[in-house]
Structures are given as C-alpha cells and as structure tokens.
Amino acid sequence: MKWVRKKLDQARKPFEPGQKLEKFAPAINAFDTFLYTPNHTTKKGAHIRDVVDLKRTMITVVFALIPALLFGMWNTGAQYLYQDMGLDNVTDVPFWDAFIEGAILVMPLILVSYIVGLTIEFIFAIYRGHEVNEGYLVTGLLIPMIFPVDIPLWMLAISVAFAVLIGKEAFGGTGMNILNPALTARAFAFFAYPLYMSGNAIWVHQGATDGISGETILGTLAQGKSVAYSFFDAAAGFIPGSVSETSTIAVLIGAAILILTKVGSWRIILSGFVGAAVMGLIFNAFGLNALMEFKWYMHLVVGGLSFGLVFMATDPVSAAQTMKGKWIYGFLCGFFGVMIRVFNPAYPEGIMLAILLMNVFAPTIDHYVIQANVNKRKKRLAKAKSNLQTA
Amino acid sequence: MSKDIRVRKGLDLKLKGEADKKIVTAPQSSIYAIKPADFHAVVPKLVLKEGASVKAGETVFYSKYDEKVKFAAPVSGTITEILRGAKRRILEVRITANGTNDAVNRGKVDPASASADQVRKLLLESGCWPFIIQRPYSIVANSEDTPKSIFISAYTTAPLAGDVEVILEDKKEAFQAGITALSKLTSGAVHLCVGKNSALKDIKDADIHKVKGPHPAGNVGVQIHKLDPVNMGDRVWTLGAEDVATIGNLFLTGEFKPERTIALVGTDAKEADRKYYRTIIGANVSSIVGTIDTDHTRIISGDVLTGDKLLSDQFLNYYKNTLTLIPEGNEYALLGWLPFTRNKVPSNAGTSFSRLLGGKRKVDTNLNGEERALVVTGEMEEVLPMDIYPLQLIKACMSGDIEKMENLGIYEVAPEDFALIDFTNTSKLEAQEVIRLGLDLMITEVG
C-alpha cells in the first residue's frame with residue numbers, strides 16, 4: 001500500500017501551494033482523502049480528536065440506503081417482468097432476472113445523478129476554494145431512488161443541476177441550504193415535467209410491449225377506486241412506485257442503521273410516524289370518502305412516507321436543530337404528509353411537499369424553542385436584579 | 001448550604017498513560033519564565049529591566065489596564081532575558097534562578113481575623129492576584145470587583161489531568177487558610193466542589209458540594225452553571241485548588257512561594273517517570289522531562305483537551321497542573337473513513353465501536369479527518385451539561401452578534417467548557433477558539 005501512497009504524493013505535487021495547479025487542489029484532495037484519511041494533526045484547541053468525520057457520517061447514510069436500493073432494483077425489474085411475462089404475481093418472477101433487469105434500468109439514473117451533481121460540486125469547491133463536501137454522496141444516491149424509473153435522463157440531469165445550484169450552492173453550499181436538495185430535485189421535476197412524474201403509466205418500466213399498467217396505491221385512491229394490495233404487499237414493497245421508496249421494511253432496516261449509529265435522529269423518525277398515524281386516525285374517524293377511509297396503518301406503508309421520514313426528514317441541515325424542535329418538526333412532517341395526501345388528491349405524494357414545507361418552517365420551530373431558553377435566562381437575570389434591590 | 005451535583009451529559013475519555021499517585025520533588029530548573037500570554041487579555045508593563053536581580057514575590061510587571069494587578073517573580077535570581085515577538089510584544093520574561101529562593105516577606109496575617117481590604121491588598125501586592133480568574137470571559141479578575149461567589153473545583157475529570165486530591169495531600173493546612181482568606185472577598189460564598197470520599201470534605205468557611213459524573217463535571221464552568229449561574233453584569237471568581245494553597249501559604253508564612261505540582265502523563269512519557277513532580281511555576285519543561293523529539297512527540301502543558309503545545313526548551317503554563325506527552329499522529333490512514341474501522345481511536349460517535357469496546361486508549365494528535373461545513377446536529381449537546389444551545393451560541397460567536405451571544409449565555413461559558421465539543425464534533429470545528437474570540441469581542445464591546 002506504500003506504493004499507492006507514493007504515487008499519490010507524486011500526483012499531488014503540481015497541486016501544492018505555489019505550483020501551477022494550486023487552484024485545483026480541492027479536486028485532487030477529494031480523491032486523496034477518499035483513499036487516505038490525511039496526516040493532518042491538530043493545530044489549536046483540543047489536541048486529540050474523535051475518529052468521526054463527515055465522510056464517515058455520510059458513508060453511513062449511503063450504507064443505510066443500500067437495502068432500499070437493492071430492493072428497489074429488484075422491484076423495478078419484477079414489476080415490469082411480471083406483466084411482460086404474463087405472470088400472476090410479482091413474486092413469481094425469477095429473482096435474478098428481476099434484479100438484473102432492474103439494475104440495468106436503475107444504474108443509468110444513479111450514474112447521471114452522480115456525474116452531474118459531483119461535477120457541479122467540484123466546480124464550486126474549486127471556485128470557492130474549499131474542500132469538496134461529502135454531502136452529495138448521499139444526495140446523489142437519494143435522487144434516483146425517488147424518481148420514477150422511466151424519467152428521461154436529461155430531465156434527471158436538469159433536476160439534479162437545479163437542486164444543487166439553486167437548492168444548495170445559491171444558499172452558500174453544504175450546511176447552508178434551507179431545503180433538502182434531493183427533495184428539491186424531485187419537486188422541480190414534479191412541477192416542470194408533470195407528465196413524467198405522475199399518472200398511471202410511469203411507475204413501471206414500459207419496455208417494448210404496450211399496455212403495461214402500474215398505478216400507485218395513492219393514485220388509485222385519488223380516483224376513488226379500491227386498492228388491490230394487502231398491508232403485507234405494501235409493507236414489503238411489492239407495489240409500483242418510485243425506484244426505491246416502495247419497501248417499508250427495507251427502509252426500516254436503513255432506519256435501524258441510522259438510529260444505531262446516531263447518524264439519523266430517532267426523534268424525527270419516531271415522531272414522524274406518530275404524526276402520520278395521528279392524522280390517519282383523525283381522517284378514519286370522519287371517513288367521508290375513500291381516501292379518508294384508507295386505514296391509518298396503511299398510510300404508514302404506502303407511497304414515499306417511510307422513505308421520506310427516514311432519509312429526507314432527518315437531513316440534519318434542513319431539519320430542526322434543537323432536540324425539542326426535532327420532535328415538533330418530525331411530528332408535523334408526518335401529520336401534514338398524510339393531510340396533503342388526503343385533502344389534495346392532485347398531489348398524492350404529500351410527504352415530499354410536507355417535508356419541504358417543514359424544511360422552510362424548521363428555523364421558525366428552532367427559534368421558538370431557543371427563545372424559551374433565552375426567556376429563562378432573562379427571567380433569571382430579572383430575579384437576580386430584584387433580589388439585589390430588596391437586599 | 002451544600003447541594004450535590006449529578007452531571008449526566010459529558011464524556012469520560014479513558015486514556016493510557018496515567019501518573020502514579022506519588023509526589024516527588026523535581027530537579028530545580030535553572031531558568032524560569034513568566035509568559036504574559038498565559039494571562040489572557042493582560043497587557044504587561046515591565047517594572048524591572050534585563051539584568052535586574054529579583055526576589056521571589058517581587059513585581060516583574062503589572063497589568064497596563066489594571067495597574068494594581070501585579071505579576072511577581074516565582075523565584076529569586078536575575079532577569080536574564082526578555083523575549084519579544086512581533087510588534088515588540090513580550091513573550092517571556094526569563095529569570096535565571098540563583099538557587100537560594102529568597103522571598104520578599106510581607107509578614108504573617110491571620111486570615112480568620114483579617115479584613116477584606118487587608119486580604120485584597122496582600123493578594124495584589126504579593127503577586128497572588130493573577131491566580132484569581134473571573135467569569136465571565138475567563139480572564140484575570142479585576143482588582144476592584146467583589147464577586148457574588150468564588151468557585152474552586154477539587155474534582156478532577158479531565159483526561160489524565162493531575163488529581164487535585166493528590167496535589168493537596170500535604171497542603172491541606174495552607175488550602176484551608178487560603179479558603180478562609182478568599183471567603184472575605186465575596187458577598188456570597190466560597191463553593192468547593194469535591195468528589196466522593198474527598199479528603200477535603202471537612203474544609204471550613206466554604207460550601208462543600210459533592211459532584212458526580214463524567215467530564216466536564218470537574219470544570220468550574222459546569223459547577224457554576226448548576227449552583228450559581230452567571231447573569232449579565234455578575235462576577236464570579238474561580239481559582240485552581242493548588243493556587244488556593246499558595247495563597248494560604250502567603251498568609252501563613254508571609255512569603256510568595258508559588259509551588260506547582262505537575263502530573264507527568266501520556267504514553268510518550270516513560271512509565272517510571274509518570275508521577276507527580278513538585279516544582280515552581282514557570283519551570284522549564286526540560287527540567288522535568290529532559291529533551292524531547294518534538295517531531296514525534298507533542299508536549300502539552302495541561303491536559304489533552306485544553307493544554308498548550310510546547311517545545312522542550314519552553315516553560316510550563318502558569319496555571320496548569322498537568323504535563324502530557326503524546327505521539328504526534330502525522331500518519332495517513334488507509335480508508336480511515338470507513339464506519340467501524342479504527343476503533344482504537346477514542347470516539348463518542350455511533351459509527352465506531354470504540355465506546356462499546358471500552359478500555360484505556362492510546363491517543364495521538366491526528367485530526368482524523370478534515371474541517372467541513374457544520375452539518376451534524378445534536379452531537380454537541382451530548383457533551384455539554386449546561387442549559388445552553390452550543391451550536392447556536394457558536395454560530396452567534398462566528399457572526400459576532402452580541403445580543404444573540406448574550407441571550408444564548410455567553411457569560412456562562414469559557415473556552416474549556418467547549419473542549420469536548422472540539423474533540424467530538426464531526427466537522428472538526430475549533431469550538432474553543434470560536435468561543436475565545438466571542439468572549440474577546442464581548443470584552444471590547446461590553447467590558
């Protein structure tokens with residue numbers, strides 16, 4: 001391995017301060033630090049440091065996404081093949097046939113997302129003179145996972161560019177964005193290319209044969225039809241939908257990884273599911289139409305709710321930052337998610353809009369939580385002053 | 001009025017390289033130095049010139065903005081060098097010891113019957129005043145102030161730090177005299193925070209509080225926050241425990257004898273050498289550890305979280321009771337970012353098995369990553385046992401928003417309270433530096 005290090009040191013030379021390519025140092029640094037944690041030592045402050053860094057944290061999220069991604073690949077292939085092959089059941093499709101078919105369909109989306117997004121990130125890092133932040137490793141994988149599989153690649157590329165440029169870099173880059181970049185990409189596509197982002201013909205790959213259908217559960221409900229899938233089908237994820245959002249079980253495996261590693265906030269995830277359940281129960285109590293009658297526990301497993309709550313709502317930059325704030329923020333994400341679903345059938349994917357809405361309100365929630373702390377401090381000061389006067 | 005404190009948040013770093021709890025006398029250092037940089041925000045005005053001979057306790061310089069605060073020579077000898085840096089700033093006043101240790105005698109005073117003015121005057125004249133650190137701002141106390149309370153921590157939680165109980169083993173009498181003297185200076189009480197089974201629990205003229213919990217429970221900042229929080233306009237004083245004994249000794253003997261007991265710790269110190277050394281403030285590092293190759297070993301005057309980096313011909317920090325030697329970590333780690341690898345490095349994160357594995361760790365100075373944008377939330381709160389929002393306060397300090405800093409509790413914190421945040425935070429943010437700059441801004445804007 002010393003040989004690799006030597007080669008890297010050689011390759012770095014032209015990028016060092018004072019050399020020709022100094023400006024482009026962030027680019028080579030990104031590769032170097034990917035291979036090796038650098039030999040930097042502490043210069044000030046505490047002399048020893050924790051082993052954790054942003055790379056480790058972000059890679060953990062990528063690991064947590066892998067169950068949902070792999071399942072998504074299989075499901076994408078299976079949803080298409082079982083209709084193409086004329087089988088009765090999604091699970092009848094031979095496993096590897098489905099998985100390979102799905103992988104072939106999904107991989108281009110991931111590649112486009114990473115290439116477009118990382119290119120922009122590198123350009124901005126060089127332009128701004130800071131290191132490349134690792135946040136896009138997660139965003140770049142999230143974006144293809146929440147798009148319909150047949151989205152034209154150029155639309156995906158434009159959505160990614162919009163999310164990274166307007167959603168993130170315009171606000172100052174990683175750590176400064178108000179909206180979750182992955183959801184920004186999806187929302188952009190949703191409003192810019194509605195034909196490709198909603199309807200009943202887009203959730204399953206169309207292939208060469210005509211007549212492949214695949215309406216999402218929420219889409220069916222919005223039209224007032226009854227749902228043909230069981231709770232188990234929906235929880236396991238054998239249903240049409242965006243690439244990787246369908247399996248609540250795979251998402252929950254990811255949630256477990258996030259919670260055990262303390263990377264994702266369990267407060268947001270838990271309160272999010274509670275919020276969705278509460279709203280579902282309220283609607284069930286009234287039960288005025290098919291959507292309102294849709295059982296509260298079904299709300300938790302259909303659509304992108306679980307994926308959104310686990311992987312999008314927990315984005316620490318766009319979520320609430322205080323502990324109390326996280327409870328409120330998560331609860332309202334779930335609560336509004338189900339509410340938008342039910343009240344506005346035109347936007348069945350309510351959770352996306354709910355999280356974006358709550359992203360905007362997160363600083364306000366934090367403001368009030370922190371204000372309580374400030375008021376406590378002011379009260380203490382006032383009390384100390386009045387004590388002084390009476391003394 | 002004693003109140004027990006139970007701290008739950010925080011992090012005990014269990015490191016290899018503890019000192020044996022045995023005090024030995026360190027070989028006499030030939031040169032001693034006082035470094036104005038140890039007294040944050042003090043601008044020194046020299047009284048003596050190069051070549052002058054001094055006795056221990058004789059004023060060497062005073063503070064330009066508070067002329068009554070005097071800084072005394074720790075030993076008798078000759079001022080051989082005044083080392084200056086950029087803009088002729090004084091870096092070190094070096095005194096070559098003559099070995100006789102003559103001290104200025106200011107006469108014995110019974111602390112119990114002395115008046116407040118008498119105590120104040122003696123502390124200022126003798127050079128003991130700089131031992132008093134004020135909160136807010138964590139600077140040498142103003143000579144005119146009357147604090148609402150005085151805090152002394154005898155509970156040691158910082159990693160590998162010199163244990164106050166050991167240091168005060170044979171200084172209890174002087175410590176008691178110092179406490180009695182200090183109790184005259186406050187309108188409130190002297191608070192002494194001790195651990196379980198402390199030998200100091202029967203000290204008089206002080207409120208004794210039992211503290212339990214992980215680091216930073218031993219920091220005075222946390223204790224003040226729990227017992228008598230600093231409001232805007234308040235002054236609270238803090239002193240190191242050994243310094244209280246030095247003050248007590250002044251009252252008992254009339255002489256300024258600034259002893260410093262140093263715990264030599266860390267894996268780069270030889271095991272046989274790792275014990276407590278009794279020396280005098282400002283001693284040369286080499287008098288304790290000899291010559292050290294600082295390319296591979298870092299010399300830290302203080303603990304690993306808050307100490308100063310030194311070279312082996314430099315001088316001990318005025319206040320610190322610990323001298324740490326740990327290896328420099330200037331090595332690459334292949335794919336070091338992979339979760340659940342490098343579990344030997346201590347960690348508070350969930351992406352390492354370090355906490356589960358337990359046991360004592362050998363540490364080095366590697367940054368274990370690079371500085372990044374502030375992304376992760378909630379991790380700072382885990383190691384700050386105060387009712388304060390650390391991330392928000394840090395951001396307020398960065399943007400220099402004075403009103404926000406005030407509202408979020410800048411008066412209640414010192415850089416050392418944020419040392420664990422330096423250690424644990426994912427973005428490798430220099431929290432202590434940010435807080436120090438924030439406090440400095442408050443000093444200039446509010447005073």
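Domain bounds here come from an automatic or database domain assignment. Keep in mind that you're working with a predicted model.

**Exercise 1. Find the domains of chain B, say how far apart their centres lie, and describe the contact on the domain 1 side.**

Step 1. Start with the division: domain 1 of chain B covers 113–256, and domain 2 covers 367–445.

Step 2. Now take the C-alpha centres of these two domains of chain B, which are 26 Å apart.

Step 3. Look at who takes part in the contact: domain 1 of chain B gives 14 residues, and domain 2 of chain B gives 14 residues too.

Step 4. On the domain 1 side, helix 4 (residues 220–227) of chain B supplies the largest share, three residues. Sorted by class, that side of domain 1 has eight nonpolar, five polar and one charged residues.

**Exercise 2. Strand 15 of chain B sits inside domain 1's range; work out whether its faces are covered or open, and which strands it pairs with.**

Step 1. For burial, you need a cut-off: a residue is buried if 20 or more other C-beta atoms lie within 10 Å of its own.

Step 2. Apply that to strand 15 (residues 236–239) of chain B. Val236(B) and Thr238(B) on one side are buried, and so are Trp237(B) and Leu239(B) on the other, leaving both faces covered.

Step 3. Next, the partners. Strand 10 (residues 133–135) of chain B runs antiparallel to strand 15 and is joined to it by three bridges. Here Gln134(B) is the residue opposite Trp237(B).

Step 4. Strand 12 (residues 149–153) of chain B runs parallel to strand 15, with four bridges between them. In this pair, Ser149(B) faces Val236(B).

**Exercise 3. Trace the six-strand open sheet of chain B and explain why one side of strand 2 and of strand 19 has no neighbour.**

Step 1. Write down the strand order: 2-17-16-20-18-19 in chain B, with mixed pairing.

Step 2. Check the ends of that order. Strand 2 (20–25) and strand 19 (308–310) of chain B are at the edges and have a single partner strand each, so one side of each lacks a neighbour in the sheet.

Step 3. Add the twist, which averages 30° from one strand to the next.

Step 4. Zoom in on one edge: strand 2 of chain B is parallel to strand 17 (residues 275–280) of chain B, and four bridges join them. Within this pair, Val24(B) has Tyr277(B) as its bridge partner.

**Exercise 4. Sketch chain A as a whole, then see how it meets chain B.**

Step 1. Count the secondary structure: chain A has 17 helices and one strand.

Step 2. Test the overall size. A compact globule of 391 residues would have a radius of gyration near 21 Å, and chain A, with 24 Å, agrees with that. Its C-alpha atoms fill a box of roughly 75 × 70 × 35 Å along the principal axes.

Step 3. Look inside: 50% of the 391 residues in chain A are buried. Of the chain A contacts with a separation of 6 or more, 71% link residues 24 or more positions apart.

Step 4. Turn to the contact between the chains, which takes 51 residues from chain A and 61 residues from chain B. The elements giving two or more residues on the chain A side are helix 2 (25–35), strand 1 (36–37), helix 3 (54–84) and helix 17 (350–390). By class, this side has 20 nonpolar, 20 polar and eleven charged residues.

Step 5. Finish with strand 1 of chain A: two bridges tie it to strand 21 (residues 333–334) of chain B, and the two run antiparallel. Tyr36(A) is found opposite Leu334(B).

Key: Residues numbered from 1 in each chain as written. Chains lettered and ligands numbered in written order. Predicted model: local features only at pLDDT ≥ 70, side-chain atom pairs only at ≥ 80, totals over all residues. Contact = placed C-beta atoms within 7 Å. Nonpolar A, V, L, I, M, F, W, Y, C, P; charged D, E, K, R; others polar. Pairing = 2+ DSSP bridges. Buried ≥ 20, exposed ≤ 12 C-beta atoms within 10 Å, placed from the backbone. Axes fitted to C-alpha atoms, helices over the stretch in contact; angles between N-to-C directions. Rg over C-alpha atoms; globule rule 2.2 N^0.38 Å.
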